[in-house]
Amino acid sequence: MLEEACEVCGGKVVEKTIDQAFHIKDRRVIISDLPAEVCTQCGYSIVSADVGENLDKFISNLDQTQELKTLQVPIYQYRTI
Ligand SMILES: [Zn+2]
């Protein structure tokens with residue numbers, strides 16, 4: 001496969017799986033093990049067209065999809081830390 005450079009910073013891009021958060025219909029969901037190309041320099045990530053299509057399908061079928069688990073995510077206010 002062709003070695004690609006990051007479109008943001010020109011850094012080296014590697015293929016790996018990431019946990020990516022999405023806002024879908026007022027819900028925050030995290031998709032784990034999402035295959036993506038991630039810049040080793042700035043962390044910018046992109047997914048392939050195939051993965052993007054699967055994500056679109058997932059989003060439109062979200063209510064029918066079995067969730068792996070539900071996490072409670074604590075939120076902190078910056079001025080209190
Ligand atoms: Zn980059």
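This is a short walk through the fold of one chain, from its overall layout down to a few individual residues.

**Overall layout**

Keep in mind that this is a predicted model. The chain holds one helix and three strands, and reading from the N terminus the elements go β-β-β-α. The chain's radius of gyration comes out at 16 Å, well over the 12 Å that the globule rule gives for 81 residues, so the chain is more spread out than a compact globule. If you'd rather think in box dimensions, the C-alpha trace spans about 40 × 40 × 20 Å along its principal axes.

Burial tells its own story: 2% of the 81 residues count as buried. As for contacts, take those between residues at least 6 apart in sequence: 44% of them join residues at least 24 apart.

**The sheet**

The three strands make an open sheet in the order E1-E2-E3, paired antiparallel. Its edges are strand E1 (13–24) and strand E3 (45–46), each of which pairs on one side only. As a general reminder, strands of a sheet pair through backbone hydrogen bonds, either parallel or antiparallel.

How many bridges hold E1 and E2 together? There are eleven, in the antiparallel sense. E2 covers residues 27–39 and is joined to E3 by two bridges, again running antiparallel. Here are some of the residue pairs across the sheet:

| Residue | Partner | Strand of the partner |
|---|---|---|
| Glu15 | Glu37 | E2 |
| Lys16 | Ala36 | E2 |
| Glu37 | Ile46 | E3 |
| Val38 | Ser45 | E3 |

Glu37 turns up twice there: Glu37 is the bridge partner of Glu15, and Glu37 also has Ile46 as its bridge partner in E3.

Both links between the strands are hairpins. E1 and E2 have two residues between them, and Lys25 in that turn has a positive phi of about 45 degrees. Between E2 and E3 there are five residues, with Gly43 in the turn at a positive phi of about 85 degrees.

Is E1 mostly buried or in the open? One of its twelve residues is buried, so E1 lies largely in the open.

**The helix**

Helix H1 takes in residues 49–60, and its length checks out: at 1.5 Å a residue, its twelve residues should span 16 Å, and the end C-alpha atoms sit 17 Å apart, which agrees. H1 is hardly covered, though, as the count of buried residues among its twelve is zero.

**A few residues up close**

Asp33 is worth a click. Asp33 sits in strand E2, yet its phi is positive, about 55 degrees, although Asp33 is not a glycine. Buried or exposed? Asp33 counts as exposed, because it has 10 C-beta neighbours inside 10 Å, and the cut-off for exposed is 12 or fewer.

Next up is Tyr44, which is found in the loop between E2 and E3. With 15 other C-beta atoms within 10 Å, Tyr44 is partly exposed; that count falls between the exposed limit of 12 or fewer and the buried limit of 20 or more. Which residues does Tyr44 touch, leaving out those up to four places away in sequence? The answer is Cys6, Val8 and Cys39. Looking the other way along the chain, Tyr44 and Asn61 are 17 residues apart, and their C-alpha atoms are separated by 27 Å.

Finally, Glu7 lies in the segment before E1. Glu7 has 11 C-beta neighbours inside 10 Å and therefore counts as exposed. What separates Glu7 from Glu37? They are 30 residues apart in sequence and 11 Å apart in space, C-alpha to C-alpha. That links Glu7 back to the sheet, where Glu37 is the bridge partner of Glu15 in E2.

Conventions. Residues numbered from 1 in each chain as written. Predicted model: local features only at pLDDT ≥ 70, side-chain atom pairs only at ≥ 80, totals over all residues. Pairing = 2+ DSSP bridges. Helix = DSSP H or I, 4+ residues; strand = E, 2+ residues; numbered from the N terminus. Expected span 1.5 Å × (residues − 1). Rg over C-alpha atoms; globule rule 2.2 N^0.38 Å. Contact = placed C-beta atoms within 7 Å.
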